[in-house]
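Here is a short tour of one protein model, meant to be read with the structure open beside it. Let us begin on the surface and work inwards.

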Amino acid sequence: MSRFAASLHWICVTAWVGGLWAIGYLAAPALFHHLPDRALAGTLAGHLFAYLAYAGLACGLYLIVYRLAAVGLSAFRQGFFWIVILMLVLTFAGQFGVQPLLSALRQQALPRQVMESLFRDRFAMWHGVASVLFLLQSLLGLGLVLLQRRVI
């Protein structure tokens, strides 16, 4: 594999995992702390999480393709490979499974904010599911970082 491809591999790990931790545990909480309008903070955080999901899908797909090209079918015996697969599944489930449900609940609540509507409990439950998916993804990302010394 070329040096560029190997470098891009580690850039993808860094960008994806760094983005998870920076947006999820720094930027989003800062939005809720500093913006007086929680609905606006939630909207902005939702956009950040969506951008992160698409970046994560791109990075994850590159990591899978790179691993398969670099080591062939022995990639299937690497923990790194399976962590990336799990992170992709969690990203996909969050972005295309849970987020559309949250958006639909927000729309159904209009003209009120969802947390001031009859949909508050359902929204809170699905938001909790999204939070658990994100937590699992960020912990798996930590595993990718810790495995860096033992792969390729």
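Helix H4 is the element that gives the most to the nonpolar surface patch, with 5 residues. Helices here are DSSP runs of H or I with at least four residues, strands are runs of E with at least two, and both are numbered from the N terminus. The patch covers about 610 Å² and is made by Trp21, Tyr25, Leu135, Leu139, Leu142, Val145 and Leu146. H1 and H4 are the elements that give two or more residues to this nonpolar patch. A patch is made of residues with over 30% relative accessible area and no salt bridge, with nonpolar side chains (Val, Leu, Ile, Met, Phe, Trp, Tyr) joined within 5 Å and like charges within 9 Å. A salt bridge, in turn, is a side-chain nitrogen of Lys or Arg within 4 Å of a carboxyl oxygen of Asp or Glu. Accessible areas come from the Shrake-Rupley method with a 1.4 Å probe, and for residues only the protein chains shown count as cover.

Before going further, a word on the model. It is a predicted one, in which local features need pLDDT of at least 70 and side-chain atom pairs count only at pLDDT 80 or more, while totals for chains, interfaces and linings use all residues. Residues are numbered from 1 along each chain as its sequence is written, and side-chain values use heavy atoms, with hydrogens and water left out.

**The overall picture**

The protein has 4 helices and 0 strands, so its elements run α-α-α-α from the N terminus on. Its C-alpha atoms fill a box of roughly 55 × 30 × 20 Å along the principal axes. The protein exposes about 9100 Å², and carbon and sulfur atoms supply 70% of that area. Of its 152 residues, 36% count as buried, where buried means under 20% relative accessible area, exposed means over 50%, and partly exposed lies in between (1.4 Å probe, protein chains only). Among contacts with a separation of 6 or more, 72% are between residues 24 or more positions apart; contact means heavy atoms within 4.5 Å.

**Inside the protein**

In soluble globular proteins, nonpolar side chains tend to be buried together. Here the largest nonpolar core has 21 residues, and Trp16, Val84, Met87 and Leu144 have the most contacts inside it. Helices H1 (3-34), H2 (38-71), H3 (79-109) and H4 (120-146) each supply at least two residues of this core. Apart from it lies another core, of 9 residues, among them Leu90, Ala109, Ala130 and Leu133. Such a core is a set of buried Ala, Val, Leu, Ile, Met, Phe, Trp, Tyr and Cys residues joined through side-chain atoms within 4.5 Å.

What does Trp16 touch, beyond its neighbours within four places in sequence? Trp16 is in contact with Leu52, Gly56, Cys59, Gly60, Leu63, Val84, Met87, Leu88, Thr91 and Gln137. From the other side, Thr91 in helix H3 touches Trp16, Ala53, Leu57 and Gln137, residues up to four places away in sequence not being counted.

His9, found in helix H1, touches Tyr62, Leu63, Tyr66, Arg67 and Phe80, with the same sequence neighbours left out. The C-alpha atoms of His9 and Cys59 are 8.3 Å apart, although 50 residues separate them along the chain. Gln78 sits in the loop between H2 and H3 and touches Arg67 and Val71, again not counting residues up to four places away in sequence.

**Cysteines and accessibility**

How many disulfides does a search of the whole structure find? The search finds 0 disulfides, a disulfide being a pair of cysteine sulfur atoms within 2.5 Å. Cys12 is in none, and its nearest cysteine sulfur is that of Cys59, 3.9 Å away. That is too far for a bond.

The table gathers relative accessibility for several residues.

| Residue | Relative accessibility | Class |
|---|---|---|
| His9 | 0% | buried |
| Cys12 | 8% | buried |
| Cys59 | 10% | buried |
| Gln78 | 18% | buried |
| Thr91 | 4% | buried |
| Leu86 | 46% | partly exposed |
| Leu135 | 41% | partly exposed |

Leu86 is found in helix H3, and its C-alpha lies 9.4 Å from that of Leu136, 50 residues apart in sequence. Leu135 lies in helix H4 and belongs to the nonpolar surface patch.
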